[in-house]
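Trainee: Could you walk me through one part of this model up close? I'd like to start from the sheet and finish at a single side chain.

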Amino acid sequence: MNQERIYQVLLGPHISEKATVVAERSGQYVFKVATTATKLEVKKAVEKLFEVGVKSVQTVVVKGKTKRTRHGMGKRSDWKKAYVSLEQGQEIDFADAE
């Protein structure tokens, strides 16, 4: 996987209350990823970018909310997030990432 595709697959960490609880309890990290990204691409991208071992990847497609605007009903875009479990004893430090 080339460097350009890594940055296309991983859009950034997803910081939320649920993501923080999951990280503390089970050591999983949540990333916002491209909607076309596969689990294998996410695994390779995290391993290459953060230099850690990935045990498993679970993906979820988050459906965009329907919102009322002054022009009628609108819809936010769908997006995809990935829950990444790391090998035992490894962690990701987002401040130290390239």
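Mentor: Here's the sheet, then what packs on it, then one serine. Keep in mind that this is a predicted model. The sheet is open, with four strands in the order 1-2-6-3 and antiparallel pairing. Strand 1 (10-13) and strand 3 (54-62) sit at the edges with a single partner strand each, so one side of each has no neighbour in the sheet. On average, neighbouring strands here are turned by 30 degrees against each other, direction ignored.

Now look at where strand 3 meets strand 6 (residues 79-86): they pair in the antiparallel sense over eight bridges. One pair to pick out is valine 57, whose bridge partner in strand 6 is valine 84. Two helices pack on this sheet. Helix 2 (residues 17-26) touches strand 2 (28-33) and strand 6, and its direction makes about 145 degrees with that of strand 2. Helix 3 (residues 39-50) touches strand 1, strand 2, strand 3 and strand 6, running at about 125 degrees to the direction of strand 3.

Last stop, the serine: serine 85 lies in strand 6. With a relative accessible area of 9%, serine 85 counts as buried, because the cut-off for that is under 20%. Leaving out residues up to four places away in sequence, serine 85 touches Gln28, Val54, Lys55 and Ser56. With glutamine 28 there's also a polar contact, side chain to side chain, at 2.9 Å. So if you want one spot to zoom in on, try that buried serine 85 and its polar contact with glutamine 28.

Note on methods: Residues are numbered from 1 along each chain as its sequence is written. This is a predicted model: local features need pLDDT of at least 70, side-chain atom pairs count only at pLDDT 80 or more; totals for chains, interfaces and linings use all residues. Side-chain values use heavy atoms; hydrogens and water are left out. Two strands pair if DSSP finds at least two bridges between them. Axes are lines fitted to C-alpha atoms, for helices over the stretch in contact, and angles run from 0 to 180 degrees between N-to-C directions. Contact means heavy atoms within 4.5 Å. Buried means under 20% relative accessible area, exposed over 50%, partly exposed in between (1.4 Å probe, protein chains only). A polar contact is a pair of N or O atoms within 3.5 Å; within protein, one must be able to donate a hydrogen and the other to accept it, and residues adjacent in sequence count only if both atoms are side-chain atoms.
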